[in-house]
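Please open the model in your viewer and keep the sequence beside it. The tour below moves from one selection to the next and says what to look for at each stop.

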Amino acid sequence: MTALPDTGTSAVPALNDLPQRVLTRPELRELVSSIADDPSAWQQHVAYDDEHRHYVCLHRDANVDVWVLCWTPSNDTGWHDHDVSSGAVAVAHGEVVEHNLVIGSAALEVSVPAGHSFSFGPDHIHRMTGVAEGSVSIHAYSPPLWRMGQYAISNTGVLRRTSVSYADELRPVDEPFPDDQERLRDAQIPN
């Protein structure tokens, strides 16, 4: 993760007139869309890596944080939530897929191409994956991220949440349950 220094005034016009309070979902969506529509705000931060998703914090204050995320088809956040934060995502270039967790069936997949955006509340659990090579998305969270929940689903359907720092790279959880929780991993769901 890269964080830019706070100089008081941003070169990104949309960041200069933010309200001094937690933003609403429509305000978050408007913010990410305006930044996505201004390549000079994010283009210099673009880099790609199949092994580790590249992301840069454009802005962080007491009420909101804004990120540039770069995607390849290999990049996958794994299932996660944003704890107490609402959020919005705008795709600036390429395409990403938002996967929504559905109990008892396959995840609901929504393709989000460049020029489109969506928002969500703090109760939202999803995963994001890159589709098009060289995709870029702008994300904003309010209140700013501090903790997130990373989820694993065992082969028996048991869901587990682990709290992680906002600074950690989200990735799919390979081992759904640690060895000391083997009884949960091996439990059988009654028919």
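Is Asp-83 buried, partly exposed or exposed? At 32% relative accessibility, Asp-83 counts as partly exposed, where buried means under 20% relative accessible area, exposed means over 50%, and partly exposed is what lies in between, with a 1.4 Å probe and protein chains only.

Before going further, please note that this is a predicted model, in which local features need pLDDT of at least 70 and side-chain atom pairs count only at pLDDT 80 or more, while totals for chains, interfaces and linings use all residues. Residues are numbered from 1 along each chain as its sequence is written, and side-chain values use heavy atoms, with hydrogens and water left out.

**The whole chain**

Begin with a cartoon view of the protein chain, which holds two helices and 12 strands; helices (H or I, at least four residues) and strands (E, at least two) are DSSP runs, numbered from the N terminus. Followed from the N terminus, the elements run β-α-β-β-β-β-β-β-β-β-β-β-β-α. Of the 191 residues, 45% count as buried. If you switch to a surface view, the chain exposes about 9,800 Å², of which carbon and sulfur atoms supply 51%; accessible areas come from the Shrake-Rupley method with a 1.4 Å probe, and for residues only the protein chains shown count as cover. Among contacts (heavy atoms within 4.5 Å), residues 24 or more positions apart account for 68% of those with a separation of 6 or more.

**Salt bridges**

Return to Asp-83 and add Arg-161 to the selection: the two form a salt bridge, with the closest N and O atoms 3.4 Å apart, a salt bridge being a side-chain nitrogen of Lys or Arg within 4 Å of a carboxyl oxygen of Asp or Glu. This pair links distant parts of the chain, since Arg-161 is in strand 12 (residues 159–165) and Asp-83 is in the loop between strand 4 and strand 5 (86–93), 78 residues apart. Arg-161 is partly exposed, with a relative accessible area of 37%. Now add Asp-81, and you will have a network of salt bridges that links Asp-81, Asp-83 and Arg-161.

The structure holds five salt bridges, and another to select is the one between Arg-127 and Asp-76, whose closest N and O atoms are 2.8 Å apart. Arg-127 lies in strand 9 (residues 126–130) and Asp-76 in the loop between strand 3 (65–71) and strand 4 (80–81), so the pair ties together parts that are 51 residues apart in sequence. Arg-127 is buried, with a relative accessible area of 16%.

Next select Arg-21 and Glu-27, which form a salt bridge with the closest N and O atoms 2.5 Å apart. Arg-21 is partly exposed at 36% relative accessibility, and Glu-27 is also partly exposed, at 24%.

**Strand 6 and its surroundings**

Select Val-97, which lies in strand 6 and is buried, with a relative accessible area of 8%. Not counting residues up to four places away in sequence, Val-97 touches Glu-109, Val-110, Ser-111, Arg-127, Met-128, Thr-129 and Val-131. The C-alpha atoms of Val-97 and Arg-127 are separated by 8.3 Å, although their positions lie 30 residues apart along the chain as a separation in sequence. That is, the two residues are 30 residues apart along the chain.

Move along strand 6 (residues 95–100) to Asn-100, which is buried, with a relative accessible area of 13%. The side chain of Asn-100 makes a polar contact with the side chain of Glu-98 at 3.5 Å; a polar contact is a pair of N or O atoms within 3.5 Å, where, within protein, one must be able to donate a hydrogen and the other to accept it, and residues adjacent in sequence count only if both atoms are side-chain atoms. Leaving aside neighbours within four places in sequence, the contacts of Asn-100 include Trp-79, Leu-108, Val-110 and His-124.

**A surface patch**

Val-110 is found in strand 7 (residues 108–113) and is partly exposed, with a relative accessible area of 34%. Select Val-110 with Val-102 and Leu-108 to show a nonpolar surface patch of about 210 Å²; patches are made of residues with over 30% relative accessible area and no salt bridge, like charges being joined within 9 Å and nonpolar side chains (Val, Leu, Ile, Met, Phe, Trp, Tyr) within 5 Å.

**Last stops**

Select Ala-140 in strand 10 (residues 135–142), a buried residue with a relative accessible area of 0%. Its contacts, leaving aside neighbours within four places in sequence, include Leu-28, Val-64, Ser-86 and Ala-88.

Finally, select Cys-57, buried at 6% relative accessible area, and Cys-70, buried at 1%. A search of the whole structure finds zero disulfides, a disulfide being a pair of cysteine sulfur atoms within 2.5 Å.
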